[in-house]
Amino acid sequence: IGSRSFHRIRCTDRLNPPNKTVKATFADGNYPQLQENLVAPVSPKALMSKLLSVLSQCPTFRGTESGHNITGTVGALSFPQLGTQSAAYAATITVSGVTLDDDFVIVRQGAHIMQIQLLDFSPDVNTLIKYSNLALSKLR
């Protein structure tokens with residue numbers, strides 16, 4: 001979570017993402033990029049706990065995307081509480097010498113877990129809050 005190469009980033013290999021997912025990406029090929037992922041796992045509470053555990057244990061990560069090396073760091077981000085349970089993170093990602101910031105929030109609401117991600121050179125947390133609240137309102 002927090003990276004396009006979700007399945008290739010170390011630390012996330014302990015996760016088994018549900019096979020029923022919805023993904024929407026809003027970008028025109030430039031930055032910022034906004035992405036929403038929505039899953040309906042068998043046990044939302046258990047998956048949320050696992051996600052938060054993995055993220056807390058992996059302050060750094062590395063992997064590959066289309067043959068490019070990716071390195072990064074991730075840490076907690078101050079963010080208002082959303083849904084039944086939520087947590088927000090700020091990641092810094094470097095791909096082939098270009099560094100981007102990736103702010104994302106993970107929200108558990110009812111039978112769903114939603115991730116909203118804002119990738120930019122300097123993301124505005126207020127924009128992430130706005131879109132997260134909008135997405136959550138559609139989920140209820």
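## A guided tour from strands to core

Start by selecting β4 (68-76) and β5 (85-95): these strands pair in the antiparallel sense over 7 bridges. Two strands pair if DSSP finds at least two bridges between them. Strands (E, at least two residues) and helices (H or I, at least four) are DSSP runs, numbered from the N terminus. To see one bridge up close, pick T71 and its partner in β5, T94.

Before going on, note that this is a predicted model, where local features need pLDDT of at least 70, side-chain atom pairs count only at pLDDT 80 or more, and totals for chains, interfaces and linings use all residues. Residues are numbered from 1 along each chain as its sequence is written, and side-chain values use heavy atoms, with hydrogens and water left out.

**Next stop: the hairpin.** Add β3 (residues 60-65), which runs antiparallel to β4 and is joined to it by 6 bridges. Here T60 has T73 of β4 as its bridge partner. The two strands β3 and β4 form a hairpin with 2 residues between them, and S66 in the turn has a positive phi of about 50°.

**Then the other loop.** Select S96, in the loop between β5 and β6. S96 is not a glycine, yet its phi is positive, about 50°. Is S96 buried or exposed? With 51% relative accessibility, S96 counts as exposed. Buried means under 20% relative accessible area, exposed over 50%, and partly exposed in between (1.4 Å probe, protein chains only).

**Now the helix.** Select α1 (44-57). This helix has 14 residues and reaches 20 Å from its first C-alpha to its last, close to the 20 Å expected at 1.5 Å a residue; the expected span is 1.5 Å times one less than the number of residues. Colour its buried residues: P44, L47, M48, L51, L52, V54 and L55. Looking down the axis of α1, you will find them within an arc of 160°, so they line one face of the helix. The arc is that of the directions from the helix axis to the C-beta atoms. On the face turned away from the buried side, find the exposed K45 and S56.

**Last stop: the core.** Show the largest nonpolar core, with 18 residues; V74, Y89, F104, I106 and I113 have the most contacts inside it. A nonpolar core is a set of buried Ala, Val, Leu, Ile, Met, Phe, Trp, Tyr and Cys residues joined through side-chain atoms within 4.5 Å. Its largest share, 5 residues, comes from α1. Apart from this core lies another, of 14 residues, including L38, A88, I116 and L128.
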